[in-house]
Each structure stands twice: as C-alpha cells, then as structure tokens.
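Here is a short note to read beside the structure. Please keep the 3D view open and find each part as it comes up.

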Amino acid sequence: MEQLVVALIVFVLAMFVGFEVITKVPPTLHTPLTSGSNAVSGITLVGALLAAGVDRGPLSATLGLLAVVFATINVVGGFMVTHRMLQMFRRKD
Amino acid sequence: MREGLINFAYLIASVCFILTFKGLAHPRTAVRANKIGALGMLIAVVATLTASGIGDWRLITVGLVIGTVIGAILATKFQMTGMPQMVAALNGFGGGASVLVAGEALSANDQFSAQVLVATALSGLIGAVTFWGSFVAYAKLQEVLIPGKPVIFAGQKALNALLLLASLVAGGFLVASPDSHFLYWSIVLAASLLGVLTTIAIGGADMPVVVCLLNSYSGLAACTTGFVLDNYMLIIAGSLVGASGLILSQIMCKAMNRPLTNVLFGGLGAEIASGAEADSVYAGKIKSVSAEEIGMLLESARRVVIVPGYGLAVSQAQHAVRDLTRLLESRGVNVLFGIHPVAGRMPGHMNVLLAEADISYEKVIEMDAINPLFPQTDVAIVIGANDVVNPLARTDPSSPIAGMPILDVDLAQTVIVIKRSLSPGFAGIPNPLFVADNSLMFFADGRLALQEIINAVKAPT
C-alpha cells in the first residue's frame, strides 16, 4: 500500500512538472516535441531488458525479446528522427 | 548497495528527460536537449543491464541489434513530408512494448499485489489501443490499406463502449484471479479492436489531434508499466510524455474550436457539402489569374505573407516556396509565413517543412502574431490551405467551423489562392474567400504554380 502511495506521489508531481515545462515549448517545435517525447516513452525498454534478460521460460523469453525489439525501434527511431528534424531548425549564419 | 546505485542512475536519467523537454523551449537549445534525452536513455539502459538477475545476454543483444537497425533505417529513409506517419508508427512500437512487458511480468511471476495487477491490466489496455491506433493512423496518413476518410458504421460507438467495458471487466477478473493469463490477453484483444475502431472513425485533417493523443497514451502506457515494475523512472518519463500529448491535443482542439469528444466521436468530414451549395457560392464570381499577373503584383508589393496548408506537403512545394521567398527578398520585399496551429497533419508540420527548406524560423509566425499584420500586407498567398482561411468561421454561426480561429488573409490588400480545384476542404463546406473582391485564384499544383510565378518574377518586364 505504502509503495503505491509513493508511486502515485511521483506520478502526480511528474505530471505537474510536465505541464509546466511543456507549455513553454513554442508551436514551431511542436513536431520535434511530439517525436522527442515519443522517443522518451520508449523508456519501456528498461522493462523489456529485465523481461528478456532474466531466464523465466520460453514464453517469457519470446515476449521479452519482442519487447526489446519494439522498444528499441521506438527509442532509436525517435531520437534519430528528432535529431534530423532539429538540425534543420539551426540558424544558418 | 547495487540496487541503490541503479536507482541513483535512474534519478539522473529522469532529470535528463525533464531537461530534454525544458530545452525544447527554443530552437537554439533543442538539438542539445534531444541529445540529453538520448543520454538519459543510455544511462537508464546501462544501469538496468547491471541489475542483479540478468543472466542471459543473448536475447538482449539480439533484440537491441534488430531494434537499432530497424529504428535507424526508418529514421534515415523517410521523407520530411512523411513525418506525421513516421511519428505515428514509432509511437505504436512503444505501446506494443508496454503490452509485451506487462504480459511477460504476468507470465513469469506468481506473487502479485493488487496494485501490480491493476497496472498490468491497464498496460495491456492502453498499450494495445496505442499500438493498433498508431498503425491505423500510420495507414491513413500514408494512404495505404485504409481510406483517409472517416470509416463509420451503425452501432460503432456502442461497440466501442462495449469493448472498453469488456476489457475493464476482464481487468477486474484478472485482479481477482491472477493465474488466469487468458484474461490479460483478452483485454489486449478487446483493446486492439478498440484502437482500430476508434481511429478509423477519424478523418485526415483531425489526425493532428489523434497523433498527439496516441503520443499521450504511449506515455501513460509507460507509466502503468512503471507501476507494474515499481520503477519510478518509468513513471516520471511516462507522465512527462502523457502531459506533453495532452497539452498538444488541447492546443489543437482549441485551434479548431471543437471539444476533444467532438474530434474523437464527431465524425466530421464524413459528408461533403452538396454540389449545388458550392455552385451557388462560386458561380461566375471566380477571378482566375495567370502567373504573369501574380508576378507583377508581387514585384510591387512591400510585404507578402505566405499561408501554407497540407497541400504544400502533398505537392512537396517547400523548396519552391523557399526559392520564391529568396527571390522576392532580393527585390526588397518583406516575406513572412503565417501558420495555423492545425495546418498539416500534425502539430508543427508546416514549421518542419519550411525548416527543411532552410527558411529561418524567425520568419515563420504563429496565428495570433500574424493576424494583426494582414491589414498591412500587400499580398497574401494561400498555398494548399482551405478551412483555416475560411471567413465563414467568423461570420456564419451555423457553419460547422463557426468560431474556429482562422488566419485573416481576407484582410490583406490582395489574396492569391493557389489550389488545384475548387474542391472543399476537410470540413466539406464552400469557402467565400475564393470569391471575395480582393481574391485571385491560381488553379495549379502548388509546386508547379510557384515555379511559374518564380519565372514570371524573374522575366524582364
């Protein structure tokens, strides 16, 4: 129970931080914001690594492997796409 | 001790993610912000790999290599105009990963607290909706397999409600009997159907909202996975993404003056205005011009504001726009760009295309800032936009777009509308702007039209 309460506290506070920080992103950068936050949501990769790395039977291994592949596509693709886009916003002097 | 160090690394990673979003507040700091985010991810991954209990590196290595190769190929191969579908697809993989991780946690353990079971059920639900919703959005944006128009059938809403209810009930049973794994997979199945059905019902121009919302879901899915694994970093990163998606959907809805429920369930765009109505608005009142006349108008202008819409992306006209801008600037004309928040197929879509064509973001002005400038604008050029410049939004309270904030191009001295035909925009209504006294129509594909105008300006007079 206590664990849940702490987790909820973290969740609520992080939501507030998110709202504060993200309302400051200008419309020009809304697409990079979407793709960048998309990459961050690939943090599930951490869970996927635990699932794939701990030997708990063939079903677990299959699910874990697929999860690592999916999450890695999300993370690598997300950060690279965002980088490619943001490069174009650099001021050309 | 080791556990403590890993959690400390997770804290650093969480801070990195917050700094990522903070740095996106300005184009100057944005590239670095993205790198900080990637660094945070790297720290999180390395810390996880040192966790006790990870005994088998083979699967992890194989998974990381396959995922990296696919992700890198996707990210380098696609065209900038295809950015919305790219983001949708990547988003789907994140949601899918959440489903798999929660499913694995369920299959591999036998002791569960109620918290973990609730979070597992929610991961399955939100993750599956995200996965399938994102791929339907991808297919719609890419125009493969599924039509871009809303697909609606009788009883769809009731069916959706039923599917949601079914997955919640299955979730309730799962909490009561955690050994019945089939309950989890039936949640995933029902949620998959729900993801497909809710997304096919939404039309192309409402896609910006859907992309934001799915993005938000993928964050929430990461969050619930965090509750399953009792991992605060996942909760923090997930809620940041969730907040980001929610804020963007809210901005989009405000820019269309429609509540989110209307976007999701309204089915706007399914019907097209009757031809008779359009004919009575347009009949005999359209003034069509040639590139030469436009060239002359532009040469004598002091300020030109270009308003791009989705048509710019479709005809890949961003480089031609750049060429015209440079040419006019070399003749002393002040050229600006006015962007509507929902122009294109995702938030900021037009900004990305213009940035790709090397147009400085300082010339690209958002709606509220550009609108007061239109009365002092000599020529406004509308390229491939329709509903977002329709004055009916201001004047006709019975119009489907009534009250939607628009770009006031009709207040410019002259409006040039570059459009392939008089076909209606997404809202399916005629646009009186096209017959206004100060409006001139140039019927052509965006890129070819711009090329002709460039030649006309260049030609010695």
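The points below go from chain A to its contact with chain B, and end with one residue of chain B.

1. The model is predicted. This applies to each point that follows.

2. Chain A has four helices and zero strands. Following the sequence from start to end, the pattern of chain A reads α-α-α-α.

3. What radius of gyration does chain A have, set against a compact globule of 93 residues? The value for chain A is 18 Å, while such a globule would come out near 12 Å. Along the principal axes, the box filled by the C-alpha atoms of chain A is roughly 55 × 35 × 15 Å.

4. Of the 93 residues in chain A, 66% are buried. Counting the contacts within chain A between residues at least 6 apart in sequence, 61% link residues at least 24 apart.

5. How many residues does each chain give to the contact? Chain A gives 79 residues and chain B gives 96 residues. On the chain A side, the elements that supply two or more residues are H1 (2-22), H2 (30-41), H3 (45-53) and H4. H4(A) supplies the largest share, 29 residues. By type, the chain A side consists of 46 nonpolar, 26 polar and seven charged residues.

6. Two packed helices are described by the angle between their axes and by the distance between those axes. For helix H4 of chain A (residues 58-88) and helix H2 of chain B (residues 27-49), the angle is about 165° and the axes are 9 Å apart. An angle over 145 degrees counts as roughly antiparallel, and H4(A) and H2(B) are therefore roughly antiparallel to each other. Their crossing is left-handed.

7. Which residues meet where H4(A) packs on H2(B)? From H4(A) they are A:Val75, A:Phe79, A:Thr82, A:His83, A:Leu86 and A:Gln87. From H2(B) they are B:Ala30, B:Val31, B:Asn34, B:Gly37, B:Ala38 and B:Met41. This set contains seven nonpolar residues, five polar residues and no charged ones.

8. In chain B, the loop between strand E5 (414-419) and strand E6 (439-443) holds B:Arg420. Is B:Arg420 buried, partly exposed or exposed? B:Arg420 is partly exposed, because 15 other C-beta atoms lie within 10 Å, and a buried residue would need 20 or more.

9. B:Arg420 and B:Phe443 are 23 residues apart along the chain, yet their C-alpha atoms are separated by 5.0 Å. Leaving aside residues up to four places away in sequence, B:Arg420 touches B:Phe443, B:Ala444 and B:Asp445.

Key: Residues numbered from 1 in each chain as written. Chains lettered and ligands numbered in written order. Predicted model: local features only at pLDDT ≥ 70, side-chain atom pairs only at ≥ 80, totals over all residues. Axes fitted to C-alpha atoms, helices over the stretch in contact; angles between N-to-C directions. Parallel < 35°, antiparallel > 145°, perpendicular 65-115°, else oblique. Left-handed = near helix turned anticlockwise from the far one by under 90°. Contact = placed C-beta atoms within 7 Å. Nonpolar A, V, L, I, M, F, W, Y, C, P; charged D, E, K, R; others polar. Rg over C-alpha atoms; globule rule 2.2 N^0.38 Å. Buried ≥ 20, exposed ≤ 12 C-beta atoms within 10 Å, placed from the backbone.
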